[in-house]
Amino acid sequence: MSKSMHGNPRTSTLLWATLILATLATWAMGALGETGTWGVAVLAVISFWKGAVIILDFMALRHAPLLWRALTMGWMVVVWAIIAIAYIKGLAQ
Amino acid sequence: MTATTASPASVQDNAPRLAGDLAIWFFILAELLAFGVFFAAYAFTRANNIELFNTEQLELNRHAGALNTVLLLTASYFVVRAVQAAEREASRQCANWLLASIVTGFGFLVVKLTEYAAAFAHDISLSSSPFHMFYLSLTFFHFMHVILGLVILIAMWNGARQGRYRPGDMNGLETGAAYWHMVDLLWLVLFPLVYVIH
């Protein structure tokens, strides 16, 4: 039997649990008042990773032609790069 | 009884392919670009109005935003389980997972509406400040995408109950699932950007 591009329930459940834990971790950081540049950097990295799980695993683009993976992951890279540049610009104010 | 042979379908399954209709992927790209422009506009307007944005951002309910992140991630996970169930020809389970994602998606709308009610009670409007303009327009634009996503999920739930999705006939389900995951993906940028990054 060929392997499904949509993964198996076990892996998906594990990914979901990790996504929820990551969300709770960033929520706790905010609740503890952990902001500042490093807090923002950690938040950005975690958010990027969460987006990558949605794109590669949930949308199954891991098994898509390279062009589509590059377009969607590239979108995330560009968006987060813009957010980072604007944030750094704001710090200089 | 029969010798196992590699069917053309299984060969195709291992070749790279997009899940769902090609058209939905062009649509998703267009949506990502539109939201991307919005995100960039927010980020650079903030860079020039740091104090205003930092002060007014604190008025937002981050807990509600985090709860909505959990709801959308969970709804996406339920949709993945629905697709996996259809692959196993388990139509009933597929329908049940879709129903679970619909309920979770509606939960997002309820949380968002309570947030809007609180904002309007504080006289927050599109014209009250640049931050409020971005907050309301970005989240409402996304809110409408969640509503459309729910309409699609309900249509797929109906289809699944009639046993419409099975291996080799998954296109409709995969297409709708891709749209729903996009709604989730957009929130994963919108929430940290507008509610948290300070």
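**Exercise 1. Describe the interface between chain B and chain A by its buried area, contacts and composition.**

Solution.
Step 1. In this predicted model, about 4300 Å² is buried between chain B and chain A, and carbon and sulfur atoms give 75% of that area.
Step 2. The polar part is counted next: 15 residue pairs are in polar contact between the two chains, both residues at pLDDT 80 or more, while the count of salt bridges is 0.
Step 3. On the side of chain B that touches chain A, helix 1 (8–14), helix 2 (22–48), helix 4 and helix 7 (171–196) of chain B each supply at least two residues. Helix 2 of chain B gives the largest share, 15 residues.
Step 4. Sorted by class, this side of chain B holds 33 nonpolar, 11 polar and 9 charged residues.
Step 5. In terms of contacts, 53 residues of chain B meet 46 residues of chain A.

**Exercise 2. Compare the span of helix 1 of chain A with the value expected at 1.5 Å a residue, and find what its buried residues pack against.**

Solution.
Step 1. Helix 1 of chain A covers residues 9–31, which is 23 residues.
Step 2. The expected span is 1.5 Å times one less than the number of residues, so helix 1 of chain A should span 33 Å. Its end C-alpha atoms are 32 Å apart, which agrees.
Step 3. The buried residues of this helix include A:Leu15, A:Leu19, A:Thr23 and A:Thr26. An α-helix has 3.6 residues a turn, so residues three or four places apart point the same way.
Step 4. The packing partners of the buried residues are helix 2 (36–58) of chain A and helix 4 (62–87) of chain B.

**Exercise 3. Examine helix 4 of chain B: its length, its burial and its two ends.**

Solution.
Step 1. This helix of 26 residues reaches 38 Å from its first C-alpha to its last, close to the expected 38 Å.
Step 2. Of the 26 residues, 22 are buried, so helix 4 of chain B is largely enclosed by the rest of the structure.
Step 3. At the start of the helix, a side-chain oxygen of B:Asn61 comes within 3.1 Å of the backbone nitrogen of B:His63. After the helix comes B:Glu89, with a positive phi near 65°.

**Exercise 4. Is B:Ser76 buried or exposed, and which residues does B:Ser76 touch?**

Solution.
Step 1. B:Ser76 belongs to helix 4 of chain B.
Step 2. Buried means under 20% relative accessible area; the value for B:Ser76 is 0%, so B:Ser76 is buried.
Step 3. Leaving out residues up to four places away in sequence, B:Ser76 touches A:Phe58, B:Trp180, B:His181 and B:Asp184.
Step 4. With B:Asp184 there is also a side-chain polar contact of 2.9 Å.

Conventions
Residues are numbered from 1 along each chain as its sequence is written. Chains are lettered from A and ligands numbered from 1 in the order in which they are written. This is a predicted model: local features need pLDDT of at least 70, side-chain atom pairs count only at pLDDT 80 or more; totals for chains, interfaces and linings use all residues. Side-chain values use heavy atoms; hydrogens and water are left out. Helices (H or I, at least four residues) and strands (E, at least two) are DSSP runs, numbered from the N terminus. Buried means under 20% relative accessible area, exposed over 50%, partly exposed in between (1.4 Å probe, protein chains only). Contact means heavy atoms within 4.5 Å. Buried area is the accessible area (1.4 Å probe) that two parts lose on being put together, summed over both. A salt bridge is a side-chain nitrogen of Lys or Arg within 4 Å of a carboxyl oxygen of Asp or Glu. A polar contact is a pair of N or O atoms within 3.5 Å; within protein, one must be able to donate a hydrogen and the other to accept it, and residues adjacent in sequence count only if both atoms are side-chain atoms. Ala, Val, Leu, Ile, Met, Phe, Trp, Tyr, Cys and Pro count as nonpolar, Asp, Glu, Lys and Arg as charged, and the others, Gly among them, as polar.
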